[in-house]
Amino acid sequence: PVHGGVSGSFEGLDDDLSLLGAPFVDGTFRLRDWLSASFSMFIYGSTKYPSAGYNVPGTYSPFPDLVSDTSDIGPIKILQDWTSALTIGTSDFYFQAGLIRSSFGPLYDNGVIVGPQAARTGHFSVNYRRPTWSFEMLWLELVATPSARTEDRRFPDKHFVSHVFTFKPKPELELSFIESVVWGGRIEPLYLLPFNQLFAAQSMADFGDNSFMGILLRWSFAHNAKVLGQFYVDDFHFNDIIRLHINSKYKLAGELGLVWAPEKGPFRSLSVDYTAVFPYMYTHMRSLDSATYDDRYPGQLNKDGSSKRSYTGQPNYLDYSHAGKNLGVDLDPNTDRVTLRALLRAHPSLDITLLGYFSRHGNASDNRIASGLMNGNYHDGSIFDDGNNDGEWDTTPGALTPTPAPGAEAGNYDNNYSYLRFLIQPYLETKLAGGVNLSWRLPTAIGDFSFNIEYLAEYCWNRNLIPENNSLVHYWSVGGSYRY
């Protein structure tokens, strides 16, 4: 089938209004029993540039997939959004490739490994499935950006590979082990070997890449009810863990959720999940082989009188980002969130989705508790802040002199992320929100019409980590589409 149509919406954030509309065409082709292809093409007209789109948790937006190559017609920005995929094989063994999104994990709406909000990537995957076990391998081609947010530059040659082994000891229980690696500047065939240990393979590059490992859980503990979980680790201090030293290095993210699909009543689905991202998870120091030195601190000097230098203008091939945004969950490090969702089928053609969340976020590099972190523009607690210090104490008059982190010895400023500072900052950005989405579909003889209304209210304490900056914001959208 090949379909075409048009979609459009009005969106608002308080009194800021934007308009988005697009004609589109999509199709799926079954070329052989073992070969199929699909595509979609949208030509958007928008009153906003892609980077200015609203960021609302739990709300899908097409903006992350749009490129910044626009044609301006008056106030309207014209952008294209193309995705396509090719699949070869059977349901037991298949290969897929394309320019697509790649949400991964048991919680499809909120993944800490590859999240649904992550922009489209070059996607290559192999899946082999058996009744009691399966193997999956995923290769993503990513877009690298500099560590400095002020540098609006993009670079190719950044890669992501993951291996997933899944075991089903019982029909109701699935356990998976995942390992992955992010790197750049070269192609590494060693990471493609299916029965390979990626951390060991990384040693061939003198541990110069960034590897991860994790565990996934799917447990159907009752009829139509599941416990879903994922636990993803970048780095931790093994010697401290076996000594039960809690205040140590834990770069990890995890999520645990409960999903229930009632057979009776109006609710089609009810879910609750908790997500936690520890300080400096998804971050990584810049790679030396891809960096040239730029001045970051004009007028500031190291102890030996030399100028402070960094790699802000060059690609960071090792952090867990794609096109300047988190490849994993839509949360910054040092954040947790509880999310509630309910899908209500009020009528065969009318769905009502209820959404609520409570989140907390702090800057783990806050100068009041972290040592040696003197540049607030860089040490913002985002995925571009790796937590490493700025070198020796700056002796320039007026320079910041923060106190050492709890447990840190005076003068020991290396690896500030070695101390667990999960949400203990004096000021936390705290959000409480609730919203509703109404989706109505009307099939007719001349095509399908759909209409969508969405509203979300969010109250935030210390917004943007500014003390006493409390505010209530309202997000809303009204839209529809026609598809033939």
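Phe221 has a relative accessible area of 38%, so this residue is partly exposed. The ring of Phe221 forms an aromatic pair with that of Trp219, with 5.6 Å between the centres and 50 degrees between the planes, a tilted arrangement. Trp219 is partly exposed as well, because its relative accessibility is 39%. These values, like the others below, come from a predicted model.

The chain as a whole gives the setting. The protein chain has 484 residues, of which 46% are buried. Its secondary structure consists of 23 strands and two helices. Of the contacts between residues at least 6 apart in sequence, 61% join residues at least 24 apart. The exposed surface of the protein chain is about 24,000 Å², and 61% of that area is supplied by carbon and sulfur atoms.

The interior comes next. In soluble globular proteins, nonpolar side chains tend to be buried together. Here the largest nonpolar core holds 25 residues, and the members touching the most others are Ile113, Phe160, Tyr232, Tyr282, Tyr320 and Leu327. Two or more residues of this core come from each of the strands β8 (133–144), β9 (155–170), β10 (173–184) and β11 (210–222). With three residues, β8 contributes the most. A second core, separate from this one, has eight residues, with Tyr250, Ala276, Phe422 and Leu423 among them.

Tyr282 can be followed further. Once its neighbours within four places in sequence are set aside, Tyr282 is in contact with Val112, Ala253, Val277, Asp319, Tyr320, Asn326, Gly328, Val329 and Ile383. Tyr282 also belongs to a cluster linked by ring pairs, together with Phe160, Phe212, Tyr232 and Tyr320.

Aromatic pairs number 19 in the structure. One of them joins Trp183 and Tyr191, whose ring centres are 4.8 Å apart; their planes stand at 75 degrees, so the pair is edge-to-face. Trp183 and Tyr191 are both buried, whereas the tilted pair described at the start joins Trp219 and Phe221, each of which is partly exposed.

Charged side chains supply another set of links. Side chains of opposite charge can pair when their charged atoms come close. Across the whole structure there are 16 salt bridges. In one of these, the closest N and O atoms of Arg483 and Asp26 are 2.9 Å apart. Arg483 lies in strand β23 (residues 471–483) and Asp26 in strand β2 (residues 16–32), so that the bridge connects distant parts of the chain, 457 residues apart. The two partners fall into separate accessibility classes: Arg483 is partly exposed because its relative accessibility is 30%, while Asp26, at 14%, counts as buried.

A further salt bridge joins Arg345 to Asp351, with 2.7 Å between the closest N and O atoms. Arg345 has a relative accessibility of 33% and therefore counts as partly exposed.

In the bridge between Arg463 and Glu458, the closest N and O atoms are 3.1 Å apart. Arg463 is buried at 15% relative accessibility, and Glu458 is buried at 7%. Elsewhere, Lys168, Glu174 and Arg218 are joined into one network by salt bridges that share partners.

Technical notes. Residues numbered from 1 in each chain as written. Predicted model: local features only at pLDDT ≥ 70, side-chain atom pairs only at ≥ 80, totals over all residues. Heavy atoms only, no water. Core = buried A, V, L, I, M, F, W, Y, C linked by side-chain atoms within 4.5 Å. Buried < 20%, exposed > 50% of the residue type's maximum accessible area, 1.4 Å probe, protein only. Helix = DSSP H or I, 4+ residues; strand = E, 2+ residues; numbered from the N terminus. Contact = heavy atoms within 4.5 Å. Phe/Tyr/Trp six-rings, centres within 6.5 Å; stacked < 30°, edge-to-face > 60°. Areas by Shrake-Rupley, 256 points an atom, 1.4 Å probe, with all protein chains shown as cover. Salt bridge = Lys/Arg side-chain N within 4 Å of Asp/Glu carboxyl O.
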